[in-house]
Amino acid sequence: MEDSTDSTLDPPNPPAPDPALLEEVFSRIRPRLKQILAYQNIPAEEAEDLLQEALLAALYKWSTIRDLEFWLMGALKNRCLLYWRSQR
């Protein structure tokens, strides 16, 4: 009888993000991210939560992201839109 938990069928673990790369990219685009939050009129108490959600999403999608800066800005814009939709 064969073991149904064959580990060869498991998908490979995605590579872990490089903390130094994350810090470098984030510090470089921080002003742009703040501009997005200001342009979208996101209250200060909500802005940090939305930014953390975008960063967390980047960690989950890390292995599929090609341009981290572009992806983070798009993810933050989407989080802002979802925030305002939820406020209706």
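**Entry 1: the residue after helix 1**

I looked up what follows helix 1 and found Asn41, whose phi is positive, near 55 degrees. The model I am reading is a predicted one. I noted that Asn41 has this positive phi although it is not a glycine. I then looked up where Asn41 sits, and the place is the loop between helix 1 and helix 2. Is Asn41 buried or exposed? I read a relative accessibility of 57% for Asn41, and the cut-off for exposed is over 50%, so Asn41 counts as exposed.

**Entry 2: the whole chain**

I stepped back to the chain as a whole. I counted three helices and zero strands. From the N terminus on, I wrote the order of elements down as α-α-α. Of the 88 residues in the chain, I found that 25% are buried. I also looked up contacts between residues at least 6 apart in sequence, and 72% of these join residues at least 24 apart.

**Entry 3: helix 1 by itself**

I checked the length of helix 1, which runs over residues 19-39. Its 21 residues, at 1.5 Å a residue, should span 30 Å, and I read 28 Å between the end C-alpha atoms, so the two values agree. Where in helix 1 is the kink? I located it at Ile29, with a bend of about 50 degrees, shortly before the proline Pro31.

Next I listed the buried residues of helix 1: Val25, Phe26, Ile29, Leu33, Ile36 and Leu37. Ile29, where the kink lies, is thus one of the buried residues. I looked up what the buried residues of helix 1 pack against, and found helix 2 (44-60) and helix 3.

**Entry 4: helix 1 against helix 3**

I reminded myself that two packed helices are described by the angle between their axes and the distance between the axes. For helix 1 and helix 3 (residues 68-86), I noted an angle of about 35 degrees and axes 10 Å apart. I recorded the crossing of these two helices as right-handed.

Which residues meet at this contact? From helix 1, I wrote down Leu22, Val25, Arg28, Ile29, Arg32, Leu33, Ile36 and Leu37. From helix 3, I wrote down Leu68, Glu69, Leu72, Met73, Leu76, Lys77 and Cys80. I sorted the residues of this contact into 11 nonpolar, no polar and four charged.

**Entry 5: Leu22**

I picked Leu22, which is in helix 1, for a separate check. I read 22% relative accessibility for Leu22, and buried means under 20%, so Leu22 counts as partly exposed. Which residues does Leu22 contact, leaving aside neighbours within four places in sequence? I found Pro17, Leu59, Trp62 and Leu68. Leu22 and Leu68 are 46 residues apart along the chain, and I read 8.7 Å between their C-alpha atoms.

**Entry 6: Ala47**

I ended with a residue of helix 2, Ala47. Its relative accessible area is 13%, which is why I entered Ala47 as buried. Not counting residues up to four places away in sequence, I found that Ala47 touches Leu37 and Ile42. Leu37 is also among the buried residues of helix 1. I looked up Leu33 as well: Ala47 and Leu33 are 14 residues apart in sequence and 9.9 Å apart in space, C-alpha to C-alpha.

Technical notes: Residues numbered from 1 in each chain as written. Predicted model: local features only at pLDDT ≥ 70, side-chain atom pairs only at ≥ 80, totals over all residues. Heavy atoms only, no water. Axes fitted to C-alpha atoms, helices over the stretch in contact; angles between N-to-C directions. Helix = DSSP H or I, 4+ residues; strand = E, 2+ residues; numbered from the N terminus. Left-handed = near helix turned anticlockwise from the far one by under 90°. Contact = heavy atoms within 4.5 Å. Nonpolar A, V, L, I, M, F, W, Y, C, P; charged D, E, K, R; others polar. Expected span 1.5 Å × (residues − 1). Bend = angle between axes of the 7 residues up to and from the residue. Buried < 20%, exposed > 50% of the residue type's maximum accessible area, 1.4 Å probe, protein only.
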